[in-house]
Every structure is written in C-alpha cells, then in structure tokens.
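User: I'm new to this one. Could you walk me through it in plain words?

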Amino acid sequence: IEIQSKTKKNVVIDQQSRVVLQEKTITSERTLINFINKIPGRKNLVFEESSISQWAYLTLKDKVDNLIICNPSYLGKKVASKNDYNDAFHLANELRCGHVVNVFHEDSKLMEIRSIVSHYKDIVKEITASKNRYNSILRSEAITGTGRKVYQTSKEDILICPSKQFVARQLFNQIHSLEEIKKEYLVFFKESTKENKMIQNLVTIPGIKEVRAHIIAAIVCS
C-alpha cells in the first residue's frame, strides 16, 4: 500500500509479480479493512514508515498474515516515473523479493510515548533555532550576552534598526512561549515515570533522568 494521510493506493500482486487487484481510495479504517477483505488466501502487506504508520499498524495487524512497515531508505531504486500506482507496485514487488527492511512497531504504551518524545524533541530543536536567530540579530549590531542571561530580559530596545527591534521582540516572545510548552512536557515525563516500571528502572542509572529515560524507552520499546 502507498499510504498517505488523505489517500492511499493499493496494489496486490501474485508470486509472478502480476497485478491481481488495485484501487485508490481515501485513507480510513473502513476502506483499509474493506480492501484487505477483498484479497483471498494468505496476505502479506507492506507500507512505508510515516506519521500514520502506528495507526495503520494497529488497524491492520490482525487482518493479515504478515505485516511489514518498511524503512523507505533501504528500498531499491524505482525505474518507473513516480506516481501512486508505481510506488505501490514497487513496494509490493520489493516485499515479494524480500528486499524490505522492517521498522519495529508494537501495540504498547511505550509506542504512545514514542510520539510524545518525538514532539518534545521538535520543541527543543525549535527553541535552539529561535535562540540562534535571536542571537544573530543581536550580534548584527555588536550586542552580546552571557549564557542564559541574554534570554531572561528582552534586548530589542537596544537595537537601532526598527525592523530588527520588531523581529527580535517576536523571537524573544517565541522563545518564552516554547519554553512554557517544554515545561508541560517535563511535567508529563515526571508523571509518566510514576506509572511505568521500565522508566523507573532507567532513572536509577547515574546520569539518566526522566527525559532521557523516556527517549531510551521510546526507541527501545520492547
């Protein structure tokens, strides 16, 4: 299946790589299950890792004999032009030839934590990027700060250029908004630790606290 958030292209091939069934529909639990039910015999299913892979895995894991969510980085190069049909056919043929590399998924609380950890890491990256942009504007007029102090009090009024003052103000507010969001994630990690024995064990290791323990748990899972 070439599965996307809105639509999906389904292609079924036999052992001789002949297409026996294909269709394009919207992406929903009903359309996925209806398509799987149309396929007779043993069913081997593959689709690429994406933002909706876990949802699709939970929806289909009991509907087929073999389900593989593959890493697209390890797929062979397609010789045909890129479209939904060619992509779906290529996935099916790679599965037939045993050329797909499985990405780990399971039905567990730790897989839910993986999503939280992923978004937390995005927040941290955005904070770093915003701080770098803020510092860049200050340095453009030879204004320097020391460590975290530069983010405690807004310095846009020191800037001479009005447009730079405006941008610096927005970046300063953005940094503080993201920091508040980050604090909410930290509260979640602290509460989650109380409910998960694996994470409780991880935080007993020197140098590993709640955040790092959740990252490790989200990656390892099982």
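Here is a short run of questions and answers.

User: What am I looking at, and how are residues numbered?

Analyst: This is a predicted model, in which local features need pLDDT of at least 70, side-chain atom pairs count only at pLDDT 80 or more, and totals for chains, interfaces and linings use all residues. Side-chain values use heavy atoms, with hydrogens and water left out, and residues are numbered from 1 along each chain as its sequence is written.

User: Which residues of helix 1 are buried?

Analyst: Helices (H or I, at least four residues) and strands (E, at least two) are DSSP runs, numbered from the N terminus. Buried means under 20% relative accessible area, exposed over 50%, and partly exposed in between (1.4 Å probe, protein chains only). The cover over the buried residues of helix 1 includes strand 1 (2-3), strand 2 (7-13), strand 3 (19-26), strand 4 (44-48) and helix 2 (53-60). Underneath, in helix 1 (residues 29-37), sit Thr31, Leu32, Ile33, Phe35 and Ile36.

User: Is helix 1 roughly parallel or oblique to helix 2?

Analyst: Axes are lines fitted to C-alpha atoms, for helices over the stretch in contact, and angles run from 0 to 180 degrees between N-to-C directions. Angles under 35 degrees count as roughly parallel, over 145 as roughly antiparallel, 65 to 115 as roughly perpendicular and the rest as oblique. The axes of helix 1 and helix 2 come within 10 Å and cross at roughly 50 degrees. So helix 1 is, relative to helix 2, oblique.

User: Which residues make that contact of helix 1 and helix 2?

Analyst: Contact means heavy atoms within 4.5 Å. From helix 1 come Glu29, Leu32, Ile33 and Ile36, and from helix 2 come Trp55, Thr59 and Leu60.

User: How do the residues of the contact of helix 1 with helix 2 divide?

Analyst: Ala, Val, Leu, Ile, Met, Phe, Trp, Tyr, Cys and Pro count as nonpolar, Asp, Glu, Lys and Arg as charged, and the others, Gly among them, as polar. By that scheme, the contact of helix 1 with helix 2 splits into five nonpolar, one polar and one charged.

User: Where is Leu67, and what does Leu67 touch?

Analyst: Leu67 belongs to strand 5 (residues 66-70). With a relative accessible area of 17%, Leu67 is buried. Leaving aside residues up to four places away in sequence, Leu67 touches Leu45, Phe47, Tyr57, Leu60 and Lys61.

User: Are the rings of Tyr85 and Phe89 stacked or edge-to-face?

Analyst: Rings of Phe, Tyr and Trp (its six-membered ring) pair if their centres lie within 6.5 Å; planes under 30 degrees apart count as stacked, over 60 as edge-to-face and the rest as tilted. Tyr85 and Phe89 both lie in helix 3 (residues 84-96), four residues apart, about one turn of the helix. An α-helix has 3.6 residues a turn, so residues three or four places apart point the same way. The ring centres of Tyr85 and Phe89 are 6.3 Å apart and the planes are at 20 degrees, so the pair is stacked.

User: Phe188 and Phe189 form an aromatic pair too. Is Phe189 buried or exposed?

Analyst: The pair of Phe188 and Phe189 is edge-to-face, with 5.9 Å centre to centre and 65 degrees between the planes. Phe188 is partly exposed, at a relative accessible area of 35%. Phe189 has 1% relative accessibility, so Phe189 counts as buried.

User: Which residues form one aromatic cluster with Phe188 and Phe189?

Analyst: The structure holds five aromatic pairs. Joined with Phe188 and Phe189 in one cluster are Tyr120 and Tyr185.

User: Is helix 4 roughly parallel or antiparallel to helix 5?

Analyst: Helix 4 (residues 109-139) and helix 5 (residues 162-195) have axes 9 Å apart and pack at an angle of about 155 degrees. That makes helix 4, relative to helix 5, roughly antiparallel.

User: Which residues meet between helix 5 and helix 7?

Analyst: Helix 5 and helix 7 (residues 210-220) pack at about 70 degrees, with axes 9 Å apart. That makes the two helices, helix 5 and helix 7, roughly perpendicular. In helix 5 the residues are Leu186, Phe189, Lys190, Ser192 and Thr193, and in helix 7 they are Glu210, Val211 and His214.

User: How far apart in space are Lys190 and Lys209?

Analyst: Lys190 lies in helix 5 and, at 51% relative accessibility, counts as exposed. Lys190 and Lys209 are 19 residues apart in sequence, while C-alpha to C-alpha the separation in space is 9.3 Å.
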